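Here's a quick briefing for anyone meeting this structure for the first time. Have a look at it below, then read on for a tour of one helix and its surroundings.

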Protein chains: 2
Amino acid sequence: MPAQRPRGVSIQDVARAAGVSRQTVSNAINAPHKLRADTLERVTALIEEMGYRPDQSARSLRSGTRRVIAYTTPETDPDNPNALMSGFLEAMVAAAGEAGYRILLVRPRPGQSKARALEDVIAARTADAILLSDVLEDDPCVDYLHETGFPFAVFGRTRPGMPQAWVDVDSAQAMIDMVGLLTSHGHRRVAYLGTSAALPWLRHREAGFRIGMRRFGLVGHEAFVDGLDEVMAVTRDLLNRSPRPTALVLDDDWLAPGAYAAAQAEGLTVGVDLAVTGFNDMPYTRLLQPALTTVRLPLRRIADALVSRLLQSVEEGTPPEAGLLLAGDPVLRASMTTVA
Amino acid sequence: MPAQRPRGVSIQDVARAAGVSRQTVSNAINAPHKLRADTLERVTALIEEMGYRPDQSARSLRSGTRRVIAYTTPETDPDNPNALMSGFLEAMVAAAGEAGYRILLVRPRPGQSKARALEDVIAARTADAILLSDVLEDDPCVDYLHETGFPFAVFGRTRPGMPQAWVDVDSAQAMIDMVGLLTSHGHRRVAYLGTSAALPWLRHREAGFRIGMRRFGLVGHEAFVDGLDEVMAVTRDLLNRSPRPTALVLDDDWLAPGAYAAAQAEGLTVGVDLAVTGFNDMPYTRLLQPALTTVRLPLRRIADALVSRLLQSVEEGTPPEAGLLLAGDPVLRASMTTVA
């Protein structure tokens, strides 16, 4: 406990005890990603044991960095939070923490735009870099950050002409792979149930599905819904088209409970008469009966790549030159079927 | 967009346009909770429209506050995040935001204790106050913060002798109420399936169950599990005790899928032959078949109370004198049964 902590322990004392240089002790605190795991662990244990505490306040003033990444976390329902974005935040906290950075959550005031909230963050010098997610094609936050030159990175994508400081899952390829997985299970007639919303990641999935259908020579229809109350009727209609599909590809897990109910209403048993696949691997998909075959986003790899891009912008002053697409992980569960 | 923003808009300009005092404009930015909702909305809209931007950097230096609450968010699995704690964080971001504060997420470095991570936050002057959750009875973070006198508040409880800067759900009363709800549905034989872990909130629920059973004159057994692999066997054993229970009270929603499977293995249909109740209203409980009767934590009210306590400590220098217990909200779903 701090009360018993010996006073006046210097960085030199820790370096001597650990048999390393002062720079290595400094790195253990300020740039842990530069050290080997065993060195980091040994030096951190000694820092803790000896009670060494660097003057971070002075350091922040000196270096001009706060070691803070501001993140405009999307609003959600506290009683039913978006598990994907909660998981992404957790991955970011862990990845940033390992690089010696913390996440500051930024929410615009009522009536304030997100870009203005970011302007406040920059003006108040409360963060070294900004992380965005849920960006749209003409996102005003991206325009604003591009204009100011403030370091930032995006979970999602930025359009050509903007800084390409982004990391995203390769949704189109993941859908091509899902169609391939269905093909390898004998499916030839595959229907697509999508969400109408003009969100770029949904359109990438739709494009991937079409490429996959052509590439594997499959046939089937597509249908789109605007909201939950349409899922039952639209799915039933899709299941009754000719040729009758043996598999139903959903563009997002949220459609699964309604699609399961529609299949049941048509006298079909998911996982027996009909394969259903989703996207995102939301935790509840494991509890559906049968559990849903879906695509898991590599959240920790996405977060690591974002942190590395943010640090590059902050520490070297140059943003990354190209966006980075990471592969989704197909998760095969009992909602898959095999067609003879 | 900032590029078109007129330069040199002063606080006086906004005050004149809004027909309010400079102090009111200042409050809209720095202490929005002090304004009426309609005034706040009108002034914020004008601030936005006119492009007024206070020099927050100077303000922070002047007032000594950063308008940041540091929160030691618990570690979770990015692929399956704890929905309760994600929802609590969302409620905190919203509640703090309305008071003009932001949340900084603090995670100890590998090998570092949570108390040392807090010491770093205080030394670096990165936050005005600290929020803790998941505290245990002898939590070293509470000891440390008590010692330093730094403003803090706890979602959970602190022991007598420590600052009573806490807000929690009244878990014992919620369990008494759940036993009362079962009684009003005709149940007389009620079993309790609990989690062994020495977590204070689980012990409060257990105590509440016992008080409820005595108060309503019910009979039944209790059993406890250490992990998921025990749930099936222990639940089946509990369902076979004499007198055979008509209802099963779980101390946490996480037990529900296993308890449902155990009931099925015993030839019982949950929601028909057996009532099952949970605690926490995790989102997946709505997807169970049948949906689970449970207790919802009033996350937004908890967050509002915590923010109000944190601000009292920061702005007035005096911590609250007593902890605050808020009622849980019973959520009646199809897993309830009526006994004739």
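A residue counts as buried when its relative accessible area is under 20%. Keep that cut-off in mind, because 15 of the 16 residues of α5(A) fall in the buried class, so the helix is largely enclosed by the rest of the structure. One thing to know up front: this is a predicted model.

**The helix itself**
- Helix α5 of chain A runs over residues 83-98.
- Its 16 residues, at 1.5 Å each, should span 22 Å, and the C-alpha atoms at its ends sit 23 Å apart, which agrees.

**Its two ends**
- At the start of α5(A), N82(A) puts a side-chain oxygen within 2.9 Å of the backbone nitrogen of L84(A).
- Just after α5(A) comes G100(A), with a positive phi of about 80°.

**Aromatic company**
- Counting over all chains, there are eight aromatic pairs in the structure.
- One of them joins F88(A) and F155(A): this pair is tilted, with 4.4 Å from centre to centre and 35° between the planes.
- The pair ties together distant parts of the chain, since F88(A) belongs to helix α5 of chain A and F155(A) to strand β4 (residues 152-155) of chain A, 67 residues apart.
- Add Y71(A) to F88(A) and F155(A), and you have one aromatic cluster.

**Buried or exposed?**
- F88(A) has a relative accessible area of 0%, so F88(A) is buried.
- F155(A) has a relative accessible area of 8%, so F155(A) is buried too.

Key
Residues are numbered from 1 along each chain as its sequence is written. Chains are lettered from A and ligands numbered from 1 in the order in which they are written. This is a predicted model: local features need pLDDT of at least 70, side-chain atom pairs count only at pLDDT 80 or more; totals for chains, interfaces and linings use all residues. Side-chain values use heavy atoms; hydrogens and water are left out. Helices (H or I, at least four residues) and strands (E, at least two) are DSSP runs, numbered from the N terminus. The expected span of a helix is 1.5 Å times one less than its number of residues. Buried means under 20% relative accessible area, exposed over 50%, partly exposed in between (1.4 Å probe, protein chains only). A polar contact is a pair of N or O atoms within 3.5 Å; within protein, one must be able to donate a hydrogen and the other to accept it, and residues adjacent in sequence count only if both atoms are side-chain atoms. Rings of Phe, Tyr and Trp (its six-membered ring) pair if their centres lie within 6.5 Å; planes under 30 degrees apart count as stacked, over 60 as edge-to-face and the rest as tilted.
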